[in-house]
Amino acid sequence: MIRRYTLLGGAIALMMAVLYAIWRAAKPDLSGWLVLLAGFALASVFSWMVARDDARDLRRLQKLVDALSVRDYGMRVRLQDPGVIGALGRSLDALADGLSTSEQKKRSRKDRLRTILDAMAEAVLVTDADGHITLSNEVLADLVGFDPEGKTAVEAIRHPDFRRAVEDAQQGFSGVLEIEIDGLREGGRRVLRASVSPLRNHQGIVAVFYDITAEREADRVRRDFVANAGHELRTPLTAIRGFAETLRDGAIRDPESAKGFLDVILRHAQRLQALVDDLADLSRFEGEELELDLEPVDAGPLLDQVVRGLESQSKAKRLKVVCSGLDEAPPVLADKRALEQVLVNLIDNAIKYTPDGGEVRVDVAPEGQDLFIEVANTGPGISSKHLPRVFERFYRVDAGRSRELGGTGLGLSIVKHLVSKIGAEINVDSSDGWTRFQLSIPRADSPKSDTRVSPS
Ligand code: ADP
């Protein structure tokens, strides 16, 4: 707008100069020529100003076009000029507005998609037609240990079967496969079920990975458990059957050996009974439906009662049994029967695995919001290699010795389940000739316990 007025001003100045010159033409003198000259000078200045403004606007337009060509949609020229250059500027501004809006829409669509993908439990990747990953989620980055975008799918997941599935998907065929890869997350190898499909427009593929490591591990544990249980049950059954047949085939007529055989049958029957009882307990405690009755329990008298109940065994082995802190123990929040079973298992083990003449200690002390109970015994102990596994089902440091002592290999796994149901913790340590099982049980008078028993 200003430029137009400038032009108008220039033209008026020139016209005035020309009129004045004509008026003076009849008798031209010096002042007439000077005015004419001044008119020309003024017109030149105004024209130069117009040319300068046009050049500046054209440079800005060029900058805008350069920015658009590199997908920078933030710049605008906002020219005021009503002429052709101004119109061009306004058109380019409108183009930049349109491109910026569609880019924002595209970005927000991608962000939304990424948010959805990040909320998924499965790892996901999408590639372009060249096989390069254009979209993925955090689960995938966690799984492979780096940001896979920009890499090819087969670089991110290195497995020959997956490579084949990607090639098939690029040809338009979907596939589901199970692969095992070196996961970079803690826990080493991961087992993945991968579903690989072509995109609808065939411009890439999409792969979804379900981590089934835990499922496979559970299958393995279940298989091992069934095999172990079968083996454990078979041993006493075989013995019972063998001795019963021996009796039937004539040994029954020799009262002396018949009594010996019957004793063996009885011992194995008791072992079977113990196994079946422990298996029943284990399946009950492992199930979600086990309802424990959490209430304040006086741990001191309970421990005293358990130690007295096992006195005949400790006396038979001439063990020194020392208890401390029982009288001052504050009540704990637990299910009385479950806690009793835990303590019986731990103290019975301590007595069983202490060599004759050794020592068993039961120490109790409040520790913060918990009551700390330690059941310790002397003896060769448990080597560090076995320590982390003693709570596993059927895990025994010395299977022969455990069987000899009437053990089933299930006691500590039952303890572990009960302890976690009570909301307590258990640890084991074996050093300096002592094996120590340490329990931390929430005290009934601690604020932690209030929240555990509140109905909400
Ligand atoms: P078991 O019926 O064999 O005693 P548990 O599950 O109670 O089964 O214990 C698992 C294994 O841990 C035992 O076989 C034994 O080797 C070891 N163990 C448990 N308690 C003790 C202990 N107090 N001292 C030494 N070893 C122990």
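Here a trainee and a mentor talk through a predicted model, from its ligand site to single residues.

Trainee: Before we start, which pLDDT do local features need in this predicted model?

Mentor: Residues are numbered from 1 along each chain as its sequence is written, and side-chain values use heavy atoms, with hydrogens and water left out. This is a predicted model, where totals for chains, interfaces and linings use all residues, side-chain atom pairs count only at pLDDT 80 or more, and local features need pLDDT of at least 70.

Trainee: Okay, the ligand. Which pocket does the ligand sit in?

Mentor: Picture a 1 Å grid over the protein atoms alone: a pocket is an open set of points where a 1.4 Å probe fits, with protein on both sides within 12 Å along at least five of seven lines. A molecule sits in a pocket if more than half of its atoms lie within 2 Å of its grid points. By that rule, the ligand's place is the largest pocket.

Trainee: Which element gives the largest share of the shell around the ligand?

Mentor: Helices (H or I, at least four residues) and strands (E, at least two) are DSSP runs, numbered from the N terminus. Those giving two or more residues to the shell are α11 (336-353), α13 (411-422) and β12 (434-442). The largest share, four residues, belongs to α11.

Trainee: And which residues come nearest to the ligand?

Mentor: A residue counts as near if one of its heavy atoms lies within 4 Å of the molecule. There are 19 residues around the ligand, and those that come nearest are Tyr 353, Ser 402, Thr 408, Gly 409 and Leu 412.

Trainee: By class, how many residues of the shell are charged?

Mentor: Ala, Val, Leu, Ile, Met, Phe, Trp, Tyr, Cys and Pro count as nonpolar, Asp, Glu, Lys and Arg as charged, and the others, Gly among them, as polar. The shell has nine nonpolar and eight polar residues, and its charged residues number two.

Trainee: How far is a polar side-chain atom of Asn 349 from an oxygen atom of the ligand?

Mentor: We look for polar contacts, pairs of N or O atoms within 3.5 Å; within protein, one must be able to donate a hydrogen and the other to accept it, and residues adjacent in sequence count only if both atoms are side-chain atoms. Lys 352 has a polar side-chain atom 3.3 Å from a ligand oxygen, and an N or O atom in the side chain of Asn 377 is 3.0 Å from a ligand nitrogen. For Asn 349 and a ligand oxygen, the distance is 2.8 Å.

Trainee: What percentage of the ligand's accessible area does the protein cover?

Mentor: Accessible areas come from the Shrake-Rupley method with a 1.4 Å probe; for residues, only the protein chains shown count as cover. On its own, the ligand has 530 Å² of accessible area, and the protein covers 96%.

Trainee: Let's leave the ligand. Is Arg 396 buried or exposed?

Mentor: Arg 396 is in the loop between β10 (370-378) and α12 (399-404), and its side chain makes a polar contact of 2.3 Å with that of Glu 232. Buried means under 20% relative accessible area, exposed over 50%, partly exposed in between (1.4 Å probe, protein chains only). Arg 396 has 12% relative accessibility, so it counts as buried.

Trainee: Why does Asp 53 get its label, buried or exposed?

Mentor: Asp 53 lies in helix α2 (residues 30-69). Its side chain is in polar contact with the side chain of Arg 52, at 3.4 Å. Because its relative accessible area is 14%, Asp 53 is buried.

Trainee: What about Arg 78, buried or exposed?

Mentor: Arg 78 is in the loop between α2 and α3 (84-119). It isn't a glycine, yet it has a positive phi of about 45 degrees. With 59% relative accessibility, Arg 78 counts as exposed.

Trainee: And Phe 394, buried or exposed?

Mentor: Phe 394 is in the loop between β10 and α12. Its phi is near 65 degrees, a positive value in a residue other than glycine. Its relative accessible area is 10%, so Phe 394 is buried.

Trainee: Last one: which side chain is joined to that of Asp 211 by a polar contact of 2.4 Å?

Mentor: Asp 211 is in strand β5 (residues 205-211) and is partly exposed, with a relative accessible area of 31%. Its side chain makes a polar contact of 3.0 Å with the side chain of Arg 190. At 2.4 Å, the partner is Thr 213.

How values were computed: 1 Å grid on protein atoms, 1.4 Å probe; cavity = no way out; pocket = protein on both sides within 12 Å on 5 of 7 lines; lining within 4 Å.
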